[in-house]
Amino acid sequence: MADQGAHRPHAHGSRLTRRLLPWSVLAGGGLLLLWATTPERVRDPQHHGAASTAASDLTSVSGGIFGTTWTVKMVGEAPDVTSLSQDLDRRLQLLDGALSTYRDDSELMRLNRTRPGEWVEVSPELHEVLALSKRIHNASDGAFDPTVGALVRAWGFGPDARPSVAPDVAGLMRTVGFDALDLHPTKRAVRWSRAGIQLDLSAVAKGYAVDNLAALLDAAGASRYMVEIGGEIRVRGDGPAGTAWRIGVESPQSGTARKPALAVALRDAAMATS
């Protein structure tokens, strides 16, 4: 559930860069699109050392959220990029403050410390994600259950270190059960029916944040973009090469080498690489 655990917290704030990415980088290195950082034109061996002229104007904005990283790539002239990057960063900071398990002061972590039986008013963002999670929980007959927070942390997939011995899974399973969280039928409020339950919304929060950023980009008039948060991806239109975006999926056995296992072509679609 929590592939955030592969990362460590990053500082807030976005980093904006604009670069020209040549066709040869995109065609030959499409597998590594998410991680390419070369800011200059590369030489095309087909032209015997001459710089490639087939390039696309690509604007990148990136930063940290949920203990991992986020990146937005826009092709062509995006309207008022500086203002847009600030809007993206503000929205992500709001979501980080509401949904993160990497911040003890986040709204989610405060809710985890709430006493049973007490109705707690929550933000629109947290309420929407909890309501969505309830629908998925019910539709999957309980297979999706974000109350595995204690298990996630015990195994070291969250902000805590990996354990040297296996945790007491049977004991921790007593803290799992989404039925312990009630959503008020008419108010934006929730309560616990029993103590000890720990929510971890990692499996849905990143995708929710990606959709939030995509909505901001659509409203700003961006027509060709990629949004990525910790492996959750949404794209619109064509990529920099004028064809579908090519998204590299890393091999889970690549270690520190970050070797791609395959590339997926996406256009006007979303994907969770985990």
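Glu-118 and Arg-115 are joined through their side chains by a salt bridge, with an N to O distance of 3.8 Å. The structure in which this pair occurs is a predicted model. The two partners fall into separate accessibility classes: Glu-118 has a relative accessible area of 35% and is partly exposed, whereas Arg-115, at 63% relative accessibility, counts as exposed. Because the threshold for the exposed class is over 50%, the value of 63% places Arg-115 in that class, while the 35% of Glu-118 corresponds to partial exposure.

The salt bridge between Glu-118 and Arg-115 belongs to a structure in which a complete search finds 11 salt bridges. A further example is formed by Arg-103 and Asp-105, whose closest N and O atoms lie 3.2 Å apart. Both of these residues are partly exposed, Arg-103 with a relative accessible area of 25% and Asp-105 with a relative accessibility of 45%.

Asp-211 and Arg-234 also form a salt bridge, in which the closest N and O atoms are 2.8 Å apart. This pair connects distant parts of the chain, since Asp-211 is located in helix H7 (residues 202–220) and Arg-234 in strand E8, with their positions 23 residues apart in the numbering. Asp-211 is partly exposed at 37% relative accessibility, and Arg-234 is likewise assigned to the partly exposed class, with a relative accessible area of 28%. Elsewhere, Asp-96, Arg-103 and Asp-105 are combined into one network by salt bridges with shared partners.

The surroundings of Arg-234 were examined further. Strand E8, in which Arg-234 is found, comprises residues 232–236. The side chains of Arg-234 and Asp-211 are also joined by a polar contact of 2.8 Å. When residues up to four places away in sequence are left out, Arg-234 touches Val-210, Asp-211, Ala-214, Tyr-225, Met-226, Val-227, Ala-269 and Ala-270. For Arg-234 and Leu-213, a sequence separation of 21 residues is accompanied by a C-alpha to C-alpha distance of 9.4 Å. The partly exposed state of Arg-234 follows from its 28% relative accessibility, because the partly exposed class lies between the buried limit of under 20% and the exposed limit of over 50%.

A buried polar residue is provided by Ser-85, which is situated in helix H2 (residues 81–99). Its relative accessibility is 7%, and Ser-85 therefore counts as buried. The side chain of Ser-85 reaches the backbone oxygen of Thr-82 at a distance of 2.8 Å.

At the level of the whole chain, the secondary structure consists of seven helices and 11 strands. The chain contains 274 residues, of which 46% count as buried. Among contacts with a sequence separation of 6 or more, 61% are made by residues 24 or more positions apart. The chain exposes about 13,500 Å², and carbon and sulfur atoms supply 52% of this area.

Key. Residues are numbered from 1 along each chain as its sequence is written. This is a predicted model: local features need pLDDT of at least 70, side-chain atom pairs count only at pLDDT 80 or more; totals for chains, interfaces and linings use all residues. Side-chain values use heavy atoms; hydrogens and water are left out. Helices (H or I, at least four residues) and strands (E, at least two) are DSSP runs, numbered from the N terminus. Buried means under 20% relative accessible area, exposed over 50%, partly exposed in between (1.4 Å probe, protein chains only). A polar contact is a pair of N or O atoms within 3.5 Å; within protein, one must be able to donate a hydrogen and the other to accept it, and residues adjacent in sequence count only if both atoms are side-chain atoms. Contact means heavy atoms within 4.5 Å. Accessible areas come from the Shrake-Rupley method with a 1.4 Å probe; for residues, only the protein chains shown count as cover. A salt bridge is a side-chain nitrogen of Lys or Arg within 4 Å of a carboxyl oxygen of Asp or Glu.
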